[in-house]
Amino acid sequence: MSFSHRGIWNVPYITGVYVIKKNILENTETRPNYIYRLYDADMAMATNMRNKGVFMYVSNLEDYGHLIEPEYFPTKYLHNDMWQMKANKKDWEHRYISPLYWKALGLSFLNEMPCPDVYWFPIFTTRFCKELVEQANDNGGWSDGGNKDPRLAGGYENVPTVDIHMNQMEFEQEWLWILKHYVKPLAEKVYLGYDSDARAIMNFIVRYRPAEQSFLRPHHDSSTYTINIGLNRPHIDYEGGGAHFIRYNCSVVDTKVGWALMHPGRLTHYHEGLRTTNGTRYIMVSFIDP
C-alpha cells in the first residue's frame, strides 16, 4: 500500500497479521471463527466476520513495521548490509543515507556553494563512510600511485592516486545505482537544465598519507561533473587536505564526513588536491558523465 496517502479503509478480506479489539474476542458471537465450508482459514475468518457485521479495516495511520526481503543477503563481505539498497531499501536508507539529504534535495533549500559552481551536499551517514573505508581495507588491492595501472583499459593513468576501484570491491553496480538514485537528483537541482545520465567509469576511494601520496597535482577530471566525498574526520583522523580550484583561487578544506563536494570536471574547474600533513585521509571520487 502506498504511504503517499494515509487513512483507514474498510475491506472485505484480511490475512497475515491483524489487530482485534478485546471486546470482539471476549464476545462468543463475534470472536474469530476459522471454519466455513471448505474455505481456507483466512477466507473462512473473513467471511464469518462479514456475516456477523464486524467491519475489517486496513490502516496506514501508524507504522507498525515493514517487511524485509530475506532472499538476497550476501554473506561474504565484511559489511554485508551495504549491498542491501535494492532488496531492503527502507532499512538501507535508514542506515546509510543522511537525514539531511532529503532537506538538501528540497527546491526551496539553498545548498552550500563554497566556491563558484562548487556545491556541498550531505548524502551519507558516518556509518556508511566508516564501513566503506573498512570494506576497502579488508578487500585490499590498493594501487601504488604510479602512472602504470593494469586496472585501466590503456594501462596508464595520467594523474595517478593511491586508490582502490569499486569494481575491485564488487561494489561497482551498487555504486552506480547510488549515483542514479541519490546523486543525479542533486546535480540536476543545482545545474539547471542539465539532464544527467549518472554514468561513471571511474569510481574509486583515494588514500592520502604524508609518507605515501600526500597531495595531487593540478588537473582536470575526465567528467562532466565530479563528486568527492569525505570519508573520515579532519583534525581527528588526519590534518590538512582539501581541494583548491586554481582559476577561482578558492579552496575547500575540513571536508565533512558523508558530504559530497560536486563540481564541473572539464574546462572551468582546474584543481589540485591539497597536502595531507598527518594521518590518513580517505575520499570517495566519481567522474560522472565522462
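How much space lies in the second largest pocket? In this predicted model, the second largest pocket holds about 540 Å³ of space. Its lining is made up of 33 residues, and those closest to the centre of the second largest pocket are Val159, Phe204, His219, Asp221 and Phe287. Two or more lining residues are given to the second largest pocket by each of the strands β5 (163-165), β6 (200-208), β7 (216-219), β8 (225-230), β10 (243-245), β13 (271-273) and β15 (281-288). The largest share of this lining comes from β6, which contributes 5 residues.

The largest pocket has a volume of about 1,300 Å³. There, 28 residues form the lining, and Val17, Tyr18, Val19, Tyr57 and Ser59 are the ones that lie nearest the centre of the largest pocket. At least two residues of this lining are supplied by the helix α2 (41-51), and at least two likewise by the strand β2 (56-59). It is β2 that provides the largest share of the lining of the largest pocket, amounting to 4 residues.

The table sets out the lining of each pocket by residue class.

| Pocket | Nonpolar | Polar | Charged |
|---|---|---|---|
| Largest pocket | 20 residues | 5 residues | 3 residues |
| Second largest pocket | 14 residues | 12 residues | 7 residues |

Read by class, the lining of the largest pocket has 20 nonpolar residues beside 5 polar and 3 charged ones, whereas the lining of the second largest pocket divides into 14 nonpolar, 12 polar and 7 charged residues.

Methods: Residues are numbered from 1 along each chain as its sequence is written. This is a predicted model: local features need pLDDT of at least 70, side-chain atom pairs count only at pLDDT 80 or more; totals for chains, interfaces and linings use all residues. Side-chain values use heavy atoms; hydrogens and water are left out. On a 1 Å grid over the protein atoms alone, a cavity is a set of points where a 1.4 Å probe fits but cannot get out, and a pocket is an open set with protein on both sides within 12 Å along at least five of seven lines; lining residues have an atom within 4 Å of a point. Grid points are joined across faces, edges and corners, and a volume is the space filled by probe spheres set on the points. Ala, Val, Leu, Ile, Met, Phe, Trp, Tyr, Cys and Pro count as nonpolar, Asp, Glu, Lys and Arg as charged, and the others, Gly among them, as polar.
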